[in-house]
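Good morning, and thank you for making time on the agenda. I should like to take you through the strand pairing in one chain, and I would ask you to keep the display in view as I speak.

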Amino acid sequence: NVLVDGLRTLFQSSELDFRSIIIRNVGRYGYNIAGSDGFFYNCQVNSAGSDGWHFVVGSNHLAMCSTFSCGGYGVSIATSATFITMVGADIDKSSFDNFHILADDTSLIGCVSRDPGQAATNIYSHVDLGSAGTKNGVVLVGTRYRPPLLGNTAVYLVRCNSQLFNSQLEI
């Protein structure tokens, strides 16, 4: 378990198409995505030392992807990674928030969030929309939240310490 990423795309790589890739037991990010216009279908991360999915650049699309037992966030979307769309993602047992969204124009449609906040501090959420500035175009539709099975509890389903504009949240 060395400190490397399972799969890392280079900056400005684009139009990537990944299908049914399973990444297990990596020391850093499961998927470290620095390219845009990528498509990921049925890709999984099982035990990453940091985030399962780490997006640096936007315009990436995921369908039926999952994470399990990540040492950081299940999905981390940086401020610069706008227009990320996730459909049917299953994010389970992250040490921090399952979805950590700092970017505008992010969509979670029909996703499942289970057992976030496995770290000892117990201050984490299923979805965290960040605390800096404003958010535009955030869509959370049909996402299901399962309460933790262990003694810890997620404090929030959705936490947002910023203003939302042109957004749709169905909780």
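Let us begin with strand β9, residues 66-70, which is joined to β6 by four bridges, the two strands running parallel. Please bear in mind throughout that this is a predicted model. Within that pairing, Gln44 has Ser66 of β9 as its bridge partner.

On its other pairing, β6, residues 44-48, meets β3, again in the parallel sense and again over four bridges. Two positions fix the register for us. Ile23 has Val45 in β6 as its bridge partner, and Arg24 stands opposite Asn46 of β6.

Now to the wider arrangement. In which order do the strands of this sheet follow one another? The order is β3-β6-β9-β12-β15-β19, six strands in an open sheet with parallel pairing. The edges are held by β3, residues 22-26, and β19, residues 144-146; each has a single partner strand, so one side of each is left without a neighbour in the sheet. As for the twist, neighbouring strands here are turned against each other by 10 degrees on average, with direction ignored. For those who think in terms of hydrogen bonding, strands of a sheet pair through backbone hydrogen bonds, either parallel or antiparallel.

I turn next to another set of pairings, centred on strand β11, residues 84-87. Strand β8, residues 61-63, pairs with β11 in the parallel sense over three bridges, and Leu62 has Met86 in β11 as its bridge partner. Four bridges then join β11 to strand β14, residues 106-109, and these also run parallel. In that second pairing, Thr85 stands opposite Ser107 of β14.

Which residues of β11 point to the buried face? They are Ile84 and Met86, whose side chains point to one face and are buried. Thr85 and Val87 point to the other face and are not buried, so the side chains alternate along the strand. Met86, the bridge partner of Leu62, thus belongs to the buried pair.

Finally, a single residue. His54 lies in strand β7, residues 53-55. Is His54 buried or exposed? Its relative accessibility is 15%, and because the cut-off for burial is under 20%, His54 counts as buried. Leaving aside residues up to four places away in sequence, His54 touches Tyr29, Tyr31, Asn32, Ile33 and Ser76.

That concludes my remarks, and I welcome discussion.

Terms used
Residues are numbered from 1 along each chain as its sequence is written. This is a predicted model: local features need pLDDT of at least 70, side-chain atom pairs count only at pLDDT 80 or more; totals for chains, interfaces and linings use all residues. Side-chain values use heavy atoms; hydrogens and water are left out. Two strands pair if DSSP finds at least two bridges between them. Axes are lines fitted to C-alpha atoms, for helices over the stretch in contact, and angles run from 0 to 180 degrees between N-to-C directions. Buried means under 20% relative accessible area, exposed over 50%, partly exposed in between (1.4 Å probe, protein chains only). Contact means heavy atoms within 4.5 Å.
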